[in-house]
Each structure stands twice: as C-alpha cells, then as structure tokens.
Amino acid sequence: FSATVNRNGEIFVPRAGTLKVWGLTFEKAEQLIRDQLAKVYTGFQISVTLGRLRTIRVFVVGSVVRPGSYTVSPLSTITNALFAAGGPTKHGTLRKITLLRNNQKISELDFYDFLLRGEKQGDVRLESGDTVFVPPIGPVVALVGRVKQPAIYELKTETRVSDLLTLAGGVTPRGYLERVQ
C-alpha cells in the first residue's frame, strides 16, 4: 500500500481512516499508523518506508559566502542551509545565527556550542519561506601561545580570562599561568 501526504499533512489508510502525520518524526508517524491499524487488525506486521520528499525554499542572507535563495530538503536544519550557502564569511558571526519565520525570530544558533561541545541546541528544522540571517561578527579575542587551540575567538558577552582559556581547550603542560598578557 502506498500513500502520499496531502497538502493538509494527512494520509488516508484504508480501514484506519485519515491520519495527520505533518510535523511528526518518521518514528512517531510509523507508530501512529501501527496504532491505528491495531484497532482494526490483529497479528499483523507493518513496515513503513519513506519515498520521495518534496523540497522547500529558504533564504540565507547576511554575512555568508553565497547569500541567496536555496532549495533544500524539508528535513534540513539551519546548519544544512548554512552549508549550502558556503557558511559565514570571516566577517560573519558564528555566535548569533538567527532563524526568522514570518518576520518572527524562531531560533538563535550559537555554532560554537556545536563546534566545541557537539551540542546542536537551536539548530531547528526549516520550513518553506524561512530566512537564515548571519549578522556581522561581534567582539573577538586572539589566543596565542601555550594554549591547546590557539585561534581568534568571537565573544558573546563579557568574558573572563579563565573562560577564554577553557574556550581554547586549556593551557598546555608547558604553559605558565603566572604571566599572561
């Protein structure tokens, strides 16, 4: 049996009726279908597969390598859109990437959380017509010398020297903390 999700986000399953699957994860949609069929059938097995996905159009603007309109998968997140646009330029922020939907701020992504800790909080799924905005870079600090990851880091707020050292992965064994410039 094959079903297509209609414009209202619903599928029709014979004997189970119309099921709303819009916004559900694949696993939750499969469970919904299984639960509805269990009301009608007993001792059955079900295997749900995903066929062709539609595409959505989003805009990536601001300080990115290739600003513009992009056609992406409906499973795409802010990170996927940034990748399609070549990422932020050296003049673009990594700390306050904003998702706008219907002129409303939906999410703010701090890409440092992902790069330094693997956290993807704020990296939400995109919808058609969304705008990903990369503002200019904020205040920066250069960390050089006996730190594990010397680099230029963008600051989000006022930051203590100890926090900067943590950002840089800490001091190397040969580092001398009694003299810091």
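Lysine 156 comes out as partly exposed, with a relative accessible area of 36% (buried is under 20%, exposed is over 50% and partly exposed is in between, using a 1.4 Å probe and protein chains only). This lysine belongs to a small network, in which salt bridges with shared partners join Arg95, Asp110 and Lys156. A salt bridge here is a side-chain nitrogen of Lys or Arg within 4 Å of a carboxyl oxygen of Asp or Glu. The model is a predicted one, so local features need pLDDT of at least 70 and side-chain atom pairs count only at pLDDT 80 or more, while totals for chains, interfaces and linings use all residues. Residues are numbered from 1 along each chain as its sequence is written, and side-chain values use heavy atoms, with hydrogens and water left out.

Back to the network. The side chains of aspartate 110 and lysine 156 meet at 3.2 Å, N to O. Aspartate 110 sits in the loop between S6 and H3, and lysine 156 in the loop between S9 and helix H4 (161-167), so the names of these elements need a word: helices (H or I, at least four residues) and strands (E, at least two) are DSSP runs, numbered from the N terminus. These two partners are 46 residues apart. Aspartate 110 also forms a salt bridge with arginine 95, at 2.9 Å, N to O. That second pair again links distant parts of the chain, with arginine 95 in the loop between H2 and S5, 15 residues from aspartate 110. Both aspartate 110 and arginine 95 are buried; for aspartate 110 the relative accessible area is 5%.

In total, the count comes to ten salt bridges. Another of them pairs the side chains of arginine 101 and aspartate 130, at 2.8 Å, N to O. Arginine 101 lies in strand S5 and aspartate 130 in the loop between H3 and S7, so this pair ties together parts that are 29 residues apart in sequence. Arginine 101 is buried, with a relative accessible area of 17%, and aspartate 130 is buried too, at 1%.

Next come the aromatic rings. A pair of rings is described by the distance of the centres and the angle of the planes. Rings of Phe, Tyr and Trp (its six-membered ring) pair if their centres lie within 6.5 Å; planes under 30 degrees apart count as stacked, over 60 as edge-to-face and the rest as tilted. Searching the whole structure turns up two aromatic pairs. One is tilted: phenylalanine 111 and phenylalanine 114 are 5.6 Å apart, centre to centre, with 50 degrees between the planes. Both lie in helix H3 (residues 111-117), three residues apart, or about one turn of the helix. Phenylalanine 111 counts as buried because its relative accessibility is 14%, while phenylalanine 114, at 33%, counts as partly exposed. Tyrosine 112 and tyrosine 153 have ring centres 6.5 Å apart and planes at 75 degrees, so their pair is edge-to-face. Tyrosine 112 lies in helix H3 and tyrosine 153 in strand S9 (residues 151-154), so the pair ties together parts that are 41 residues apart in sequence. Both tyrosines are buried: tyrosine 112 has a relative accessible area of 8%, and tyrosine 153 has 6%.

What about the nonpolar interior? A nonpolar core is a set of buried Ala, Val, Leu, Ile, Met, Phe, Trp, Tyr and Cys residues joined through side-chain atoms within 4.5 Å. The largest one has 17 residues, and those with the most contacts inside it are Val58, Val60, Ile78, Leu82, Ile97, Leu126 and Val132. Two or more residues come from each of S3, strand S4 (68-72), helix H2 (78-84), strand S5 (97-101) and strand S7 (131-134). Apart from this core lies another, of ten residues, among them Tyr112, Val141, Leu165 and Ala168.

The last stop is the outside. Arginine 15 has a positive phi of about 70 degrees although it is not a glycine. This arginine lies in the loop between strand S1 (10-13) and strand S2 (17-20), and at 61% relative accessibility it counts as exposed. Asparagine 102 likewise has a positive phi, near 55 degrees, in a residue other than glycine. Asparagine 102 is placed in the loop between S5 and S6 and, at 69% relative accessibility, counts as exposed.
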